[in-house]
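Please look over the sequence and the structure shown below. The report after them goes from the whole chain to single residues.

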Amino acid sequence: MLSLEKQAEHLQKVSRTFALTIPALPNPVDKYVSLSYLLCRTCDTIEDDPKMTHELRVKELHNYAKAVRKEIDHTKWTDTIYEELKDTSVPCEVELLKELPDVLERLYSYPKPVISIITKCIDIMSDGMAYQQMNDVIAAQSDLDRYCYSVAGVVGELLAELFMYHSPVLTKQKDQFLPLAVCLGEGLQMTNIIKDIWEDAERGVSWLPLGLKNDPDNSAEMQNYYSSMPKDKKIELLNDQIKIACGHLRNGVRFTTMIPLREQGIRRFCSWCIAMAFLSLKKVYDNPLFTDSSQSKISREQVKSVVRWSSICAYSNFTLNRYFDHISKGLPFVDIDQCELYARVSKWSNF
């Protein structure tokens, strides 16, 4: 079984942001969420591998879900996928993949309701990523909504379910809580997509609704497309997506204020994630013609400020709302109907 120390070490290597925010959660929710993130990351590893064909990615994404559910031998499958990815995927992710059997043993040690929640998330995520592999063009905003749900909106649902398991009083507001959770996940994912457009282009990938075909062999063409785009069109494109992302994040704030005041760890976790997303979007909004992903990253000083001030403000819904009004000041947004989005994209009740 993966030790908690090793789990924390893997999390630090694959995501410094979540390595910062997840420890704010109460015990044992922090352990559940940390392990969930590592399992979700393995989906990303398969999806992002530059060598595998679309067809092979689809096959292995489905096999991964089967391995998590114990429908196939997870040790044998791990050995196979490790050999497939070890020379082409990100080293820290390959290192995590190699220890997947131990990660799964940690999962199986959890209470049955927690196993069910985490397994359902992996089912939906792997299925959604497999669908995207065979439909590898984001042509409209609805395509982007569906993709963001598969990779992040469902993580919002996972978080909501784990929070309700920890604090059952939240189940009284489940019909509101879950749709807002999807918005939180999609807002965070859209933020990543917006600030990482150049990094993704280097891999031949675009998640913006431009109708571009994702293909690792066409990375030069993808980068040239963005480089040659007229400035006014690029600004309009990014501003439109920033508006939507901010709308999702505002719903994420509503999600956070629904969490009982006594659950300060959960409120801090959500607040830190949302605040850092708003600040990242502000950097892009102020410099829409940026040419490198490093130009969209927030500073360590800003991260420290987020941790300090959002933690203080989390003790009151009034002050928390005022804090988010302050850090998002000047950013455009559109209202997102969370119930309409939820009805359109969520697969949670189908699995």
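## Overall picture

The protein chain has an average pLDDT of 95, and 100% of the residues score at least 70; pLDDT is the predictor's confidence in each residue, from 0 to 100. This is a predicted model, in which local features need pLDDT of at least 70 and side-chain atom pairs count only at pLDDT 80 or more, while totals for chains, interfaces and linings use all residues. Residues are numbered from 1 along each chain as its sequence is written, and side-chain values use heavy atoms, with hydrogens and water left out.

The protein chain contains 17 helices and zero strands. Helices (H or I, at least four residues) and strands (E, at least two) are DSSP runs, numbered from the N terminus. Among the elements, the lowest mean pLDDT, 87, belongs to helix H12 (residues 219-228), and the highest, 98, to helix H17 (residues 338-345).

The radius of gyration of the protein chain is 19 Å, which agrees with the value near 20 Å for a compact globule of 351 residues. This radius is taken over C-alpha atoms, and the globule rule is 2.2 Å times the number of residues to the power 0.38. Along its principal axes, the C-alpha trace spans about 50 × 50 × 40 Å.

Of the 351 residues in the protein chain, 56% are buried. Buried means under 20% relative accessible area, exposed means over 50%, and partly exposed lies in between (1.4 Å probe, protein chains only). Contacts (heavy atoms within 4.5 Å) can also be sorted by separation in sequence. Among those in the protein chain with a separation of 6 or more, 74% come from residues 24 or more positions apart.

## Four residues compared

The table gives the place and accessibility of some single residues.

| Residue | Place | Relative accessible area | Class |
|---|---|---|---|
| Serine 36 | helix H3 (residues 29-48) | 2% | buried |
| Histidine 62 | helix H4 (residues 54-68) | 31% | partly exposed |
| Lysine 70 | loop between H4 and helix H5 (74-85) | 54% | exposed |
| Threonine 256 | helix H13 (residues 231-257) | 0% | buried |

The contacts below leave aside neighbours within four places in sequence. Serine 36 then touches Ile118, Leu158 and Leu162. Histidine 62 is in contact with Asp127 and Ala130. For threonine 256, the partners are Arg267, Cys270, Ser271, Ile274 and Leu320.

Two of these residues also have a distance to a residue elsewhere in the chain. Histidine 62 and aspartate 200 are 138 residues apart in sequence, and their C-alpha atoms are 24 Å apart in space. Threonine 256 and aspartate 87 are 169 residues apart in sequence and 41 Å apart in space, C-alpha to C-alpha.

## Backbone details

Which form does the peptide bond from asparagine 27 to proline 28 take, cis or trans? That bond is cis, with omega near 5°. Proline 28 sits in the loop between helix H2 (16-21) and H3, and H3 is the helix that holds serine 36.

Lysine 70 has a positive phi of about 70°, although this residue is not a glycine. Lysine 70 is found in the loop that follows H4, the helix in which histidine 62 lies.
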